Structures are given as structure tokens and as C-alpha cells.
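Subject: Structure handover

Hello,

Here is the structure I promised to pass on. Please open it alongside this email, and my notes follow below.

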Amino acid sequence: MHLTRTDPETNLYRYYLLKITKGLIGDWGLVRWWGRIGSSGRVRTDWFGSERDAKDARFALHMNKAKWGYD
């Protein structure tokens, strides 16, 4: 899931990328990349016991970002 937020008037060009991945020991990771468009940005992985938990976390983050103007 790729989200962006841009506002040329304030020089705001941001991205947020969410991806669910399966771990080596049966766990599930929610990988997040974020930063300024055109930069490598930052990355973080949160681990969950089930795919459902990872999807729920992704949905919550998506809704949070939508409140901040990401689409």
C-alpha cells in the first residue's frame, strides 16, 4: 500500500509505504517505509503472531495516515 501527501505551497512531499511479509518462524511482519519523496527514508518492521493482526495494524495505520491527508 503506497500513500503520498503533497503540498507544493509548503514544500511538503512525503510518502508512506506499508507491506505485510511472512517471517521465518511463522510470524508476520508489517514493514513501513516513510520519508520525503525522492529520498531513501526510514524503515521499521513490527512483528505479529498472525496475519490477521498484521492486517489489522496496517488498516489502523492507513486510517491514521488518511486523517493526516495521505492518499
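How many bridges join strand β1 to strand β2? Six, and the two strands run antiparallel. Before going further, please keep in mind that this is a predicted model.

**The sheet**

Strand β1 covers residues 2-7, and strand β2 covers residues 12-22. At one point of this pairing, Asp7 has Leu12 in β2 as its bridge partner. Four residues sit between the strands in this hairpin. Look at Asn11 there: its phi is positive, near 60°.

Next comes strand β3, residues 28-36. Nine bridges hold β2 and β3 together, again in the antiparallel sense. Two pairs are easy to find. Tyr15 stands opposite Gly35 in β3. Arg14 stands opposite Arg36 in β3. The hairpin of β2 and β3 has five residues between its strands. In that hairpin, Gly26 takes a positive phi, near 90°.

Now the whole sheet. It is open, has four strands, and follows the order β1-β2-β3-β4 with antiparallel pairing. β1 and β4 (42-48) are the edge strands, each pairing on one side only. From one strand to the next, the twist averages 15°. As general background, strands of a sheet pair through backbone hydrogen bonds, either parallel or antiparallel.

**The helix and the core**

Which strands does helix α1 lie across? The helix, residues 51-67, lies across β1, β2, β3 and β4. It runs at about 170° to β2.

The largest nonpolar core has ten residues. From the sequence start onwards, these are Leu3, Tyr16, Leu18, Ile20, Trp28, Leu30, Ala54, Ala57, Leu61 and Tyr70. β2, β3 and α1 each supply at least two residues of this core.

Tyr16 is a good core residue to click on. Setting aside neighbours within four places in sequence, Tyr16 is in contact with Met1, His2 and Leu3. Its contacts also include Arg32, Trp33 and Trp34. Leu61, Lys65 and Tyr70 are on the list of Tyr16 contacts as well. Of these, Leu3, Leu61 and Tyr70 belong to the core with Tyr16.

**The charged pairs**

How many salt bridges does a search of the whole structure find? Four. I describe some of them here. As a general point, side chains of opposite charge can pair when their charged atoms come close.

Start with Asp46 and Arg32. They form a salt bridge, with the closest N and O atoms 2.7 Å apart. This pair links distant parts of the chain: Asp46 is in strand β4, Arg32 is in strand β3, and 14 residues separate them. The side chains of the two residues also make a polar contact, at 2.7 Å.

Is Asp46 buried or exposed? It counts as buried because its relative accessibility is 18%, and the cut-off for buried is under 20%. Arg32 counts as buried too, at 11% relative accessibility.

Asp46 has another salt-bridge partner in Arg44, at 2.9 Å from N to O. Arg44 counts as partly exposed, at 44% relative accessibility. Together, Arg32, Arg44 and Asp46 are linked in a network of salt bridges.

What else is in contact with Asp46? Leaving aside neighbours within four places in sequence, its contacts are Trp28, Gly29, Leu30 and Arg32. Trp28 and Leu30 are also members of the nonpolar core.

Finally, the helix has a salt bridge of its own. Glu51 and Lys55 form it, and their closest N and O atoms are 3.5 Å apart. Both residues lie in helix α1, four residues apart, which is about one turn of the helix. Glu51 is partly exposed, with a relative accessible area of 33%. Lys55 is partly exposed as well, at 31%.

**Where to look**

For a quick tour, begin with the β1 and β2 hairpin and Asn11. Then go to Tyr16 in the nonpolar core. End at the network of Arg32, Arg44 and Asp46.

Best wishes

Conventions: Residues are numbered from 1 along each chain as its sequence is written. This is a predicted model: local features need pLDDT of at least 70, side-chain atom pairs count only at pLDDT 80 or more; totals for chains, interfaces and linings use all residues. Side-chain values use heavy atoms; hydrogens and water are left out. Two strands pair if DSSP finds at least two bridges between them. Axes are lines fitted to C-alpha atoms, for helices over the stretch in contact, and angles run from 0 to 180 degrees between N-to-C directions. Contact means heavy atoms within 4.5 Å. A nonpolar core is a set of buried Ala, Val, Leu, Ile, Met, Phe, Trp, Tyr and Cys residues joined through side-chain atoms within 4.5 Å. Buried means under 20% relative accessible area, exposed over 50%, partly exposed in between (1.4 Å probe, protein chains only). A salt bridge is a side-chain nitrogen of Lys or Arg within 4 Å of a carboxyl oxygen of Asp or Glu. A polar contact is a pair of N or O atoms within 3.5 Å; within protein, one must be able to donate a hydrogen and the other to accept it, and residues adjacent in sequence count only if both atoms are side-chain atoms.
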